[in-house]
Amino acid sequence: MARILNVISAVTPMGGTVTKLRALMKSSRHQHYLYHPGYTENQLEIESELPYYASIGVPASYGIHNRKVWKHVQEIHRLVRTHDIDIIHFYFHFENLFAPFIRLLHPKIKMIRSIVGFDKELPFYRRALVGAGLFSVPNYVFISQYIKRLYEDTYPLLKKKHTRIIYNGAVNVVPAITPLKDRKWLVTTSGLCERKNVLVLIEAMNLIRNQYGRKDIKLYILGDGPEREKITNLVDKCHLNNQVVLVGYTNNVPAYLNQCAIYVHPATTEGFGIAVTEAMEMYCPCIVADKGALPELVKDGENGYLVSAYDAKQWAEMILHLWDNQTLRFKQSEESHRRAVEQFSLQAFIDSHDQLYDELINKNKT
């Protein structure tokens, strides 16, 4: 059994990375430890989370040293020696800056960096700092082939590192209870910002109602964000108030997925697409944009369809095609669930990490 020290600057489980890390630490067959490199302003927040980690048997500590990298390195050095740590696992750029110093203090320790997203257009000095941290870590986990390509193009040194893809695990799912034949909604879940491209769904719904004369299809939009007013105005302009519902933020996404006949996701730069895999696990065929990592999740014609991101007519036609072909829709629903459980479930996420830890520890024995 390996002893893994997870170093992560994010604190609360509102973000998907912390939520999945918690599940990993709770269910892994290895012993996990946690260190939060903290800031003065989030000390109370960090301290409020410590009882949870104690409840799942994860020794957790923190250091309120703000951006004093060497202070955090000293804390990690102490933890490594105290707990005889085998592997250090970093998650974000800030804590990755500790890696060169950890390498000097503990040249034989294994280090992993998970890459969970991509920061565009970093200033030169920040790219240089990120690159220095990346150089010192030999093992990388990417959440998709898409993110791997973006990082390798930006930081070519990563092409010489040990890398693997471990897809995110679906979190907001429940056993589906609504029979497929009784599901009557289109659903999408996203932040309402430009890159999520929700406006194209409103344009598609306008065609469905006002060109194809279909009033039996209703779209529920879960989420909030800066584009909400623009979306609302387009809904009003197209007289779609009876067919498009802006739900806003909800912590009960599974309840909507349980009524979902077809899940739609037009985002253009998804690094993964966790909302899509959650819909898949709950037996939803998915129509998604042919951008970002989404083609890694949805196989065209098998568990849904890939469509041109900005082509409202293609969105409308594909929605109607799948809506009106119940036998095909049910077949794709079953395939979505099978594919999600095998490749994108939380258990698959945990198992893949445990396998990686096993491999790294076994390298020490050979």
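**Figure 1. Ile-88 and its contacts.** Ile-88 touches Leu-5, Val-7, Ile-76, Val-80 and Ile-102, and also Ile-109, Lys-110, Met-111 and Ile-112, leaving out residues up to four places away in sequence. The view comes from a predicted model. Ile-88 belongs to the largest nonpolar core, which has 92 residues. Within this core, Ile-88 and Tyr-263 touch the most other members. Helix 13, spanning residues 312–324, gives the core its largest share, eight residues. A second core is separate and holds 22 residues. Among them are Tyr-53, Ile-166, Phe-349 and Leu-360.

**Figure 2. The whole protein chain, for orientation.** The chain has 15 helices and 13 strands. Its radius of gyration is 22 Å, close to the 21 Å from the globule rule for 366 residues, so the chain is as compact as a globular protein of that length. Along the principal axes, the C-alpha atoms fill a box of roughly 70 × 40 × 40 Å. Of the 366 residues, 53% count as buried. Contacts often link distant parts of the sequence: among those between residues at least 6 apart, 73% join residues at least 24 apart. The accessible surface comes to about 16500 Å². Carbon and sulfur atoms account for 52% of that surface. The chain carries 44 positive and 37 negative charges, and the mean positions of the two sets are 4 Å apart.

**Figure 3. His-36 in strand 2.** Strand 2 covers residues 31–38 and contains His-36. Is His-36 buried or exposed? Its relative accessibility is 1%, so His-36 counts as buried. Beyond its neighbours within four places in sequence, His-36 is in contact with Ile-8, Ala-10, Val-11 and Ile-46, along with Tyr-53, Ser-61, Tyr-62 and Gly-63. Ala-60 is 24 residues from His-36 in sequence. In space, the C-alpha atoms of His-36 and Ala-60 are 7.9 Å apart.

**Figure 4. The buried residues of helix 2.** Helix 2 runs over residues 43–55. Ile-46, Glu-49 and Tyr-53 are buried there. Two of these names return from the previous view: Ile-46 and Tyr-53 are both in contact with His-36. Tyr-53 is also a member of the second nonpolar core. What do the buried residues of helix 2 pack against? Their partners are helix 1 (16–27), strand 2 and strand 3 (60–64). Gly-57 follows helix 2. The phi of Gly-57 is positive, near 80°.

**Figure 5. Thr-17 in helix 1.** Helix 1 contains Thr-17. The relative accessible area of Thr-17 is 17%, under the 20% limit, so Thr-17 is buried. Apart from residues up to four places away in sequence, Thr-17 touches Ile-8, Tyr-91, Phe-92 and Val-116. Ile-8 is also in contact with His-36.

**Figure 6. Gln-332 in helix 14.** Helix 14 spans residues 326–343, and Gln-332 has its place there. Gln-332 counts as buried, at 1% relative accessibility. Which residues does Gln-332 touch, not counting those up to four places away in sequence? They are Pro-285, Gly-301, Glu-302, Asn-303, Gly-304, Tyr-305 and Leu-322. Cys-286 is 46 residues away from Gln-332 in sequence. The C-alpha atoms of Gln-332 and Cys-286 are 8.5 Å apart in space.

Note on methods. Residues are numbered from 1 along each chain as its sequence is written. This is a predicted model: local features need pLDDT of at least 70, side-chain atom pairs count only at pLDDT 80 or more; totals for chains, interfaces and linings use all residues. Side-chain values use heavy atoms; hydrogens and water are left out. Helices (H or I, at least four residues) and strands (E, at least two) are DSSP runs, numbered from the N terminus. The radius of gyration is taken over C-alpha atoms; the globule rule is 2.2 Å times the number of residues to the power 0.38. Buried means under 20% relative accessible area, exposed over 50%, partly exposed in between (1.4 Å probe, protein chains only). Contact means heavy atoms within 4.5 Å. Accessible areas come from the Shrake-Rupley method with a 1.4 Å probe; for residues, only the protein chains shown count as cover. Lys and Arg count as positive and Asp and Glu as negative; His and the chain ends are not counted. The place of a charge is taken as NZ of Lys, CZ of Arg, CG of Asp or CD of Glu. A nonpolar core is a set of buried Ala, Val, Leu, Ile, Met, Phe, Trp, Tyr and Cys residues joined through side-chain atoms within 4.5 Å.
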